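Here is a short tour of a model, written to be read with the structure open beside you. Take a moment to turn it around before reading on.

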Amino acid sequence: MGWFIAGRLLAAIPVLFGVSVVVFTLLHFAPGDVASVLAGPMASEAIKEAIRESLGLNRPLPVQFLKWLGNLLHGDFGTSLVYKRPVAEFIFEKFFNTALMAVSGALLACMIGITIGIFAASKAHSLFDRVTMAVTMVVGSTPLFWLGLILVLLFALTWRVFPATGMTSPVGGGGFLDVVRHLVLPAVAAAMPSAAIISRTARACMIETLGQNYIRVARAKGLRRNLILRKHAFRNALPPIATVCGLELAFLLTGVFFVEVVFAWPGLGNALYYAIIAHDIPTVQAAVLLIALSFVVINLAVDVLNAWLDPRIRVSTARQGGR
Amino acid sequence: MKGHSPDRAIVPADARGSASVGVTSGTRSGLRGLAGAWRAYRRDRSSLIALVFLLMVAGASLLAPAIAPHDPSDAVTFRHAAPMSEGLVLGADGDGRDVLSRLLWGGRISLMVAVLPTLLALALSLVIGIAAGYFGRWSDHVAMRILDMVFAFPLVLLAIVIASMLSPGILTVTVAIMVALTPYITRLVRTATQSVKGLPFIEAAHAAGAGELAIVTRYVLPNVLAPALVYATTLMGFMMVVGAGLSFLGLGTQPPDADWGVMVADGRAVLRKAPHVTIIPGVMIILVSLSFAFVGDGLRDALDPRRRHR
């Protein structure tokens with residue numbers, strides 16, 4: 001197991017390096033001159049040149065990249081062109097807010113998805129199965145931003161149960177319960193499409209497992225249905241389901257982009273959105289890097305989790321590694 | 001399973017990364033093959049309904065200049081967010097513009113954004129994927145390492161970043177989606193190519209003295225095309241959602257043009273007073289995107305001879 005994790009970690013290093021190269025080059029060629037943004041519209045060419053000199057923008061590209069990467073490794077993400085303060089000062093708070101929503105969304109999605117999937121599988125081809133699978137199909141192709149607006153329309157504008165935007169109330173807000181109240185709608189919006197995907201996977205895996213011979217043996221022994229479902233079938237159907245859940249968490253980190261914009265949730269996606277509009281390149285770079293980084297980390301975690309849940313993967317990979 | 005985003009669109013398990021290649025012998029496919037595929041496709045009722053629905057939407061959008069009752073970007077009524085009534089079948093939006101006309105004209109852009117970049121990505125992927133999978137060695141190595149890096153970015157994020165680098169517009173969305181999608185289809189084409197490459201009829205073609213180019217175009221391509229086309233069709237629905245999302249954010253279609261994503265965004269201003277302005281384009285996005293998924297399913301069964309005879 002140790003070798004397996006070490007191997008995966010080593011493989012992630014070139015990927016992360018590649019990610020930083022891609023982020024740097026993509027945004028280096030983005031339109032808009034940093035110097036003119038910083039200096040303002042009235043600045044003379046000499047002032048702009050001085051700014052370029054001080055930021056090292058007139059150096060060769062590889063030199064700039066190495067300097068940028070070096071700063072990055074020291075936790076320096078550069079200075080936001082809009083807020084005029086270090087990106088590192090505010091980006092982690094935004095990241096935390098996004099993680100809060102993505103994780104609660106993913107948990108919600110897993111709970112709903114797995115429950116529906118198991119029920120649908122245990123009553124395969126019943127009316128319940130067919131109806132829920134049709135619903136998941138529709139929800140799975142629903143745009144997140146539209147779903148968010150519909151939830152706002154129903155639960156914030158029509159019935160006024162939950163607040164429509166923000167993370168805390170402007171007056172007297174900020175407590176734990178206040179944040180939870182604000183979290184409900186965006187988390188549900190983010191969770192629904194993922195729940196749909198997870199339930200379809202869970203159903204398919206469970207049906208496959210329930211068709212195995214050892215399940216028939218368990219039934220023949222006279223074990224109770226619930227026990228068979230829980231102990232015999234679910235345990236064996238778990239690895240692929242866990243994979244999908246992990247991938248959905250990774251997806252939610254970007255999926256929440258739209259949800260954050262709709263609900264004005266002060267997270268990474270929202271920050272990225274306004275940074276893109278304002279051509280605030282350092283903020284865009286930091287946000288994209290953080291999302292891509294967590295994406296890689298979650299994928300890694302899913303691989304490891306899978307190996308832990310399913311000894312067959314562990315053994316076959318170890319054998320390959322030992323060659 | 002690293003880059004999951006498009007896999008995540010409801011794609012049946014066997015249409016994912018590991019392509020199932022239903023081998024068709026290169027020479028006998030053709031008209032007769034197509035007729036057989038159509039017969040198989042027709043048998044699946046939901047795919048057939050989805051195809052008819054897609055064709056109807058596409059037809060109505062194409063005919064928008066002729067059948068749209070009003071100019072999509074001109075106010076036709078002083079009553080903002082007017083309800084549905086005679087003359088305004090689907091009502092008016094917050095700026096008094098006819099929703100039906102905007103829906104018809106917007107369909108042209110939304111459908112184009114779903115189909116065109118996916119087809120371009122498919123063409124590009126066929127070239128890269130076959131080159132990597134068939135000729136292997138260093139071209140395979142280089143291509144796969146580059147793809148690994150791209151897979152580290154969630155598709156939607158990559159599309160948003162690319163779109164934000166260029167000036168907003170339809171062309172930008174097309175390029176962004178095409179670039180973001182290519183790695184995923186390439187991976188499938190490469191896998192499919194590798195599995196075809198080892199089959200006996202390729203060896204037979206070699207033995208018969210066929211050149212590499214002939215083998216690739218006559219024997220490899222036809223067998224790789226089917227799974228790639230199926231995957232691309234399923235992705236089109238997902239790309240319609242992504243494209244609408246980019247437009248919703250203001251990175252895509254620019255006023256006075258409007259696609260369905262822009263229409264949803266416009267509806268926000270009158271969400272309470274006139275929810276239909278937001279709901280209608282959203283429902284269209286869902287229906288069309290679902291239809292693509294069903295058509296993809298039907299195509300998969302129809303194009304795979306092994307499934308066809310079941």
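Let's begin inside chain B of this predicted model. The buried residues of helix 11 of chain B pack against four partners, which come from chain A and chain B:

| Partner helix | Chain | Residues |
|---|---|---|
| helix 7 | chain A | 144-158 |
| helix 10 | chain B | 212-248 |
| helix 12 | chain B | 276-303 |
| helix 5 | chain B | 99-135 |

Why is helix 11 of chain B described as largely enclosed by the rest of the structure? This helix covers residues 260-267, and eight of its eight residues are buried, so the surrounding structure largely encloses it. Among those buried residues are Trp260(B), Met263(B) and Asp266(B).

Helix 5 of chain B also meets helix 8 of chain B, which covers residues 170-197. Their axes come within 5 Å and cross at roughly 40°, and the crossing is right-handed. Sorted by class, the residues of this contact are 20 nonpolar, nine polar and two charged.

Now step back to chain B as a whole. Its secondary structure consists of 13 helices and zero strands. Of its 310 residues, 49% count as buried. Among contacts in chain B with a separation of 6 or more, 73% link residues 24 or more positions apart.

Finally, a stop in chain A. Arg130(A) sits in helix 6 of chain A, residues 127-140. Is Arg130(A) buried or partly exposed? With 13 other C-beta atoms within 10 Å, Arg130(A) is partly exposed. Lys94(A) is 36 residues away along the chain, and the C-alpha atoms of Arg130(A) and Lys94(A) are separated by 41 Å.

How values were computed:
Residues numbered from 1 in each chain as written. Chains lettered and ligands numbered in written order. Predicted model: local features only at pLDDT ≥ 70, side-chain atom pairs only at ≥ 80, totals over all residues. Axes fitted to C-alpha atoms, helices over the stretch in contact; angles between N-to-C directions. Helix = DSSP H or I, 4+ residues; strand = E, 2+ residues; numbered from the N terminus. Left-handed = near helix turned anticlockwise from the far one by under 90°. Nonpolar A, V, L, I, M, F, W, Y, C, P; charged D, E, K, R; others polar. Buried ≥ 20, exposed ≤ 12 C-beta atoms within 10 Å, placed from the backbone. Contact = placed C-beta atoms within 7 Å.
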